Amino acid sequence: MNGFEGLIHGFSIALEPQNLMWCFIGVTIGNLVGVLPGMGVLSAVSILLPLTFGMKPVAAILMLAGIFYGAQYGGAICSILLNLPCHPPHAVTCLDGYPLTKQGKGGVALGITMMGSAFGAAFGIIQMIFFAPYIAQVAFQFGAPEICSLMLLGLLAGSTLAKGSPLKGVAMTILGLMLGLVGTDINTGVERFTFGMIDLSDGVALVALSLGLFGIAEFLRSVNNTAPINMAHTNVGMRDMRPSRAEMAQAAMPILRGTVIGSLCSMIPGTGPTIASFVAYAAEKKISKTPERFGHGAIEGVAAPESSTHSSVQGDFIPTMSLGIPGDAVMALLLGALIIHGITPGPRLIVEHPDIFWGLIASFWIGNLILIILNVPMIGIWVKMLMVPYKFLFPSALFFICIGVFADKNALFDVGVTLFFGLFGYLLLMLKFEPAPILLGFVLGPRFEENFRRALIISRGDLNTFVDRWISATFLSLCVLLVCGQLYVRLRPKFPMAANVLGVVALGVIAYLNYYVAGIVLAIFLGQLFLSSRANKKPATPEPVATNPARVAGE
Amino acid sequence: MIGEKHRDYYAGGLVALLGVGAAVIAFRYNIGSLTRMGPGFFPFYLGIILAILGAIIAATNFFEVAKGPPAPGMIPKVDPHSAMQTKPDWRGWGCIVGGVLAFIFLAESAGLIAATFSCVFIACWGDKTAKLRDSALLATGITVFGVLLFSYVLKVQIPIIRGF
């Protein structure tokens with residue numbers, strides 16, 4: 001099925017009245033969750049996950065995906081009008097969005113955001129149409145060792161490139177992998193880590209884990225601890241949203257650049273919308289001729305990150321759908337939903353379940369259209385939603401969590417498990433761990449173990465199988481690059497000698513694994529050295545605000 | 001609550017403890033060899049890696065090398081959800097945990113109406129500004145909505161009222 005036929009097939013599915021309804025419900029809930037301060041996409045998706053078990057898989061996935069990208073639209077409203085980054089990808093939008101609001105141009109900022117969002121999303125979807133089937137075709141050749149190495153790369157990227165300390169991220173991923181092992185081992189029938197509890201022999205329920213970590217733990221943190229909401233500037237109507245021609249011209253290029261950055265970020269596993277928006281903002285500030293305007297209401301500072309968020313949100317679906325490797329925790333949940341619905345994620349998904357793949361893509365078009373309609377003429381309603389106080393929100397959400405977890409397997413035991421992970425997750429938050437990678441490890445854990453076992457059974461216990469096959473070796477070399485690159489960047493300021501030694505050793509290992517990767521790395525490094533030595537001769541230019549993700553992504 | 005200075009010692013300690021614990025438990029399952037992996041192989045080595053990582057996390061608190069550089073001025077300082085409470089908030093925590101526990105026990109013994117009402121009502125009191133009237137109204141509203149949606153539409157398997 002080529003792209004065009006696929007799209008037509010997809011629309012014929014997504015436009016079925018029932019699917020259309022679920023898509024609408026999904027994006028509306030997503031938008032609502034994005035607007036409400038203190039609610040997260042992860043908890044919204046997990047609350048609704050058990051309710052989708054009675055639905056057809058296509059409808060379930062359309063709806064759950066709709067929550068994810070719908071929330072991006074709502075999150076922007078919250079950031080721009082209230083200065084509350086309720087939603088991590090939109091944290092940077094606050095920097096310039098809120099000053100604009102204070103100048104009385106909040107509506108314009110929202111209008112520009114909507115345009116950027118629509119453009120970014122459209123680009124991301126087109127990218128998915130072209131790339132996902134192609135990547136899946138390449139992935140057909142993957143055997144167990146390749147899948148293993150690729151998963152390792154995905155897990156490492158997901159845990160080290162996300163926010164927070166990379167070391168702690170890796171620790172969380174491994175914890176997640178282990179949580180994924182709880183229950184009966186499929187190969188031998190041995191019960192692992194069940195502590196004698198029969199209810200655990202089926203493993204930890206995905207819903208219980210995610211609602212504990214991202215629902216209850218969040219409530220424990222936020223109760224009595226939310227900033228007072230300043231509603232002074234929230235009187236925005238549809239008329240205010242129309243930007244002037246000059247503002248449109250000013251925002252056009254940033255939207256384009258942001259979109260490209262977002263789609264590039266979505267190609268790198270593990271770098272989701274949050275990093276994309278930060279990189280886009282930093283890049284825009286660097287390119288700008290008047291960087292001092294940023295932070296005081298520069299329209300570019302709203303346009304670029306918002307469009308990059310949206311293109312990367314849509315692009316995020318590519319690895320999930322074509323390889324079965326989720327880039328972040330939300331995608332891990334979606335993948336978990338697919339598995340619960342009896343669909344094996346992986347390269348065969350597009351061929352075996354064209355309904356889901358193409359239906360999803362078609363629903364993206366429809367969903368984004370609905371979101372524009374929901375947000376532009378009805379902006380006033382969403383702004384009213386901002387006023388729902390947190391003290392009413394969390395008790396209601398707590399009930400939905402309890403009943404949602406119960407409905408998953410009709411087991412009150414799982415509600416207890418949720419409470420346990422809520423308290424555990426809060427402990428992790430207090431110790432400055434980011435719990436999101438746990439979910440990544442949890443979903444991939446069983447498949448990782450299975451493929452690892454299979455690879456070694458085929459090779460008769462010879463670990464060289466991961467290095468001898470060139471695709472697998474390439475993934476491994478990227479893993480080395482990822483880890484050593486981060487170490488290098490962090491070591492260089494304090495211990496330049498150690499950093500250089502590490503760099504040489506790492507390059508040697510990479511060269512052993514794959515000459516080409518090593519060559520490319522070396523070329524980039526030398527090129528950068530050359531450029532920086534030239535730049536040093538000129539009068540020193542002010543160091544741009546380089547966030548850590550920006551630097552890593554640039555290397 | 002946990003001092004900035006010692007936080008990563010506790011963090012590393014927790015991770016190491018989990019890792020060692022997992023490795024010890026996994027050791028009792030059959031570990032096997034690379035060719036014929038037993039059920040204990042994967043968790044055993046994961047546990048060992050986790051323990052090592054825990055030690056490194058604690059060690060980096062000492063050297064402060066691997067800590068991410070602060071992003072200057074990039075994240076607005078107003079984020080209400082990344083701030084941690086400075087004082088233990090026993091009232092908030094107790095009411096949230098109590099709400100969930102109430103749901104578990106009352107769903108078992110008294111049915112959905114009682115469970116829903118008490119879950120929401122108890123959780124409401126976690127907020128310091130909670131008022132009796134608001135809490136009761138919210139709890140009633142959610143109960144009516146919840147029973148209609150979950151019992152009649154989605155047919156969740158908890159009877160509305162259960163005899164004692």
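## Chain A: contacts and overall form

In this predicted model, long-range pairs dominate the contacts of chain A. Of its contacts between residues at least 6 apart in sequence, 79% join residues at least 24 apart. Buried residues account for 60% of the 555 residues in the chain.

Chain A holds 25 helices and two strands. Its radius of gyration is 23 Å, and the globule rule gives 24 Å for 555 residues, so chain A is as compact as a globular protein of that length. The C-alpha trace spans about 70 × 70 × 50 Å along its principal axes.

The domain assignment splits chain A in two: domain 1 covers 3–458 and domain 2 covers 469–554. Taken over C-alpha atoms, the centres of these domains are 30 Å apart.

## Helix α14 of chain A

Helix α14 of chain A runs over residues 329–340. At 1.5 Å a residue, its 12 residues should span 16 Å. The end C-alpha atoms are 16 Å apart, which agrees. Just after α14(A) comes A:G342, with a positive phi near 80°.

This helix is largely enclosed by the rest of the structure, because 10 of its 12 residues are buried. The buried residues are A:A329, A:V330, A:M331, A:A332, A:L333, A:L334, A:L335, A:G336, A:A337 and A:L338. Several helices of chain A help to cover them, including α3 (41–48), α4 (57–82), α9 (206–222), α13 (317–322) and α20 (436–458).

## Positive phi outside glycine

Most residues other than glycine have a negative phi. Two loop residues of chain A go the other way.

A:N410 has a positive phi of about 55° and is not a glycine. It sits in the loop between α18 (390–409) and α19 (412–430) of chain A. With 11 other C-beta atoms within 10 Å, A:N410 is exposed; the cut-off for that class is 12 or fewer.

A:R460 also has a positive phi of about 55° without being a glycine. Its loop lies between α20 and α21 (465–468) of chain A. A:R460 counts as exposed too, with 10 C-beta neighbours inside 10 Å.

## The A–B interface

Chain B puts 73 residues in contact with 68 residues of chain A. Five helices of chain B each supply at least two residues to this side: α1 (7–28), α2 (41–63), α3 (90–109), α4 (112–124) and α5 (132–153). By class, the side of chain B that touches chain A has 50 nonpolar, 16 polar and seven charged residues.

Chain B is itself divided into domain 1 (7–63) and domain 2 (90–153). The C-alpha centres of these two domains lie 40 Å apart.

## Confidence

For the complex, the predictor gives an ipTM of 0.88 and a pTM of 0.85. Chain B averages a pLDDT of 81, and 82% of its residues score at least 70.

Where in chain B is confidence lowest and highest, in the comparison that includes α2(B) and α4(B)? The lowest mean is 88, in α2(B), and the highest is 92, in α4(B). Residues 65–82 of chain B are another matter: pLDDT stays under 50 there. For that stretch the model has 39 contacts beyond four places in sequence.

How values were computed. Residues are numbered from 1 along each chain as its sequence is written. Chains are lettered from A and ligands numbered from 1 in the order in which they are written. This is a predicted model: local features need pLDDT of at least 70, side-chain atom pairs count only at pLDDT 80 or more; totals for chains, interfaces and linings use all residues. Helices (H or I, at least four residues) and strands (E, at least two) are DSSP runs, numbered from the N terminus. The radius of gyration is taken over C-alpha atoms; the globule rule is 2.2 Å times the number of residues to the power 0.38. A residue is buried if 20 or more other C-beta atoms lie within 10 Å of its own, exposed if 12 or fewer, and partly exposed in between; C-beta atoms are placed from the backbone. Two residues are in contact if their C-beta atoms, placed from the backbone, lie within 7 Å. The expected span of a helix is 1.5 Å times one less than its number of residues. Domain bounds come from an automatic or database domain assignment. Ala, Val, Leu, Ile, Met, Phe, Trp, Tyr, Cys and Pro count as nonpolar, Asp, Glu, Lys and Arg as charged, and the others, Gly among them, as polar. pLDDT is the predictor's confidence in each residue, from 0 to 100.
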